[in-house]
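Hi,

Here is the structure I promised to pass on. Have a look at it first, and then read my notes below.

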Amino acid sequence: MGILSRIFNLNGYVIIARIVIILLILPLHEFAHGWVARRYGDDTAEASGRLTLNPIIHMDPFGSVLLLLTGFGWAKPVPINPSRMNNPRRGIIWTSLAGPCSNLLAALVGMILLQGFFPFYYTNQDSTILYGVYYFLYFFISINISLAIFNLIPIPPLDGSNVLMALLPYRKSMWLQQHQQILSIILWVLILVGALSTPLSWLSEKVMDFLVWSTDWICSLVWKVM
C-alpha cells in the first residue's frame with residue numbers, strides 16, 4: 001500500500017492511536033536513544049535537554065503530521081556523540097536499537113492489555129465503548145510494531161543503518177556514510193511507491209502473531225475467572 005492509499009484509509013480509532021503514539025511513544029523512542037547513550041558515557045542528549053519524555057521537546061512537525069496521516073513518521077533525532085562513549089562501537093549499536101526496542105515494549109504492554117480486555121469485549125460486542133477500546137489497543141499495537149520494524153531498515157537515516165555501519169568493516173561503513181543522502185532518497189522513493197509495504201507488513205504480522213502467542217495465557221486466565 002502506497003502513501004496516498006494510507007491517507008485515504010483512516011478511521012477514528014486509527015487517528016486516536018496515532019495521536020497517542022505522537023504524544024507518548026515517539027518521545028519514549030527518542031528518550032530511549034538518549035538514555036542508553038548516557039549509559040555508555042555520552043551525555044550530549046542530556047546536556048541539550050533531550051533526556052525527557054516531554055513531547056513538545058521531541059516533536060518534529062512534518063514527521064508528526066506524516067505519522068498522523070500515514071502511520072509512519074518521526075520525532076527530532078536525539079543528538080548523539082559516539083566519541084564521548086566509553087565503547088563507541090557497542091554504544092552506537094545499543095543506542096540505535098533502543099528506539100525500536102521501546103516501540104516493541106510499548107506493543108507488548110498494549111498486547112497484555114488487549115489480552116486481558118478481550119473477554120469483556122467479546123461478551124459485550126454491542127458496547128460502543130468496549131468496541132472503541134478494543135480497536136484503539138489493536139491499532140496502538142500495530143503502529144508500534146510497524147514503527148519498530150520500519151526503523152530497523154538498514155538505510156540512512158533510520159536506526160538500522162547505524163547498527164549496520166557499526167557492524168561493517170571500516171571501508172564499507174565509510175561508503176554508507178558518504179552516500180547517506182542518495183540512500184535516503186532511495187528510501188523515500190521506495191516508501192512513496194509502496195515497494196516496502198509487502199515485506200514490512202509480512203514482518204509486522206509475524207511479530208504480531210508472536211505477541212499474541214506469547215500473551216495468550218492472559219486471555220485464557222481472564223476467561224477462567226470471569
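First, a term: a residue is called buried under 20% relative accessible area, exposed over 50%, and partly exposed in between, using a 1.4 Å probe and protein chains only. By that rule Cys-219 is buried, because its relative accessible area is 7%. Cys-101, at 42% relative accessibility, counts as partly exposed. As for disulfides (pairs of cysteine sulfur atoms within 2.5 Å), a search of the whole structure finds zero.

Now some background. This is a predicted model, so to speak of local features I need pLDDT of at least 70, and side-chain atom pairs count only at pLDDT 80 or more, while totals for chains, interfaces and linings use all residues. Residues are numbered from 1 along each chain as its sequence is written, and side-chain values use heavy atoms, with hydrogens and water left out.

How sure is the predictor? The mean pLDDT (its confidence in each residue, from 0 to 100) is 90 for the protein, and 96% of the residues reach 70 or more. Among the elements, helix 1 (residues 3–7) has the lowest mean, 50, and helix 6 the highest, 96. Helices here are DSSP runs of H or I with at least four residues, numbered from the N terminus.

Helix 6 is worth a look. It covers residues 88–122, and its 35 residues should span 51 Å, taking 1.5 Å times one less than the number of residues. The end C-alpha atoms are 50 Å apart, which agrees. Helix 6 also bends by about 35° at Gly-116, with Pro-119 following within four residues; the bend is the angle between axes fitted to the seven residues ending there and the seven starting there.

Then there is the largest nonpolar core, meaning a set of buried Ala, Val, Leu, Ile, Met, Phe, Trp, Tyr and Cys residues joined through side-chain atoms within 4.5 Å. It has 39 residues, and those touching the most other members include Ile-21, Phe-150 and Ile-153. Helices 2, 5, 6, 7, 10 and 11 each give two or more residues to this core, and helix 7 provides the largest share, 11 residues.

Two single residues to finish. Thr-70 sits in helix 5 (residues 61–70) and is buried, at 3% relative accessibility. Its side chain reaches the backbone oxygen of Leu-66 at 2.7 Å. Ala-47, in helix 3 (residues 44–47), is exposed at 66%.

Cheers

Definitions and conventions
pLDDT = per-residue confidence, 0-100. Polar contact = N/O pair within 3.5 Å; in protein donor to acceptor, adjacent residues only side chain to side chain.
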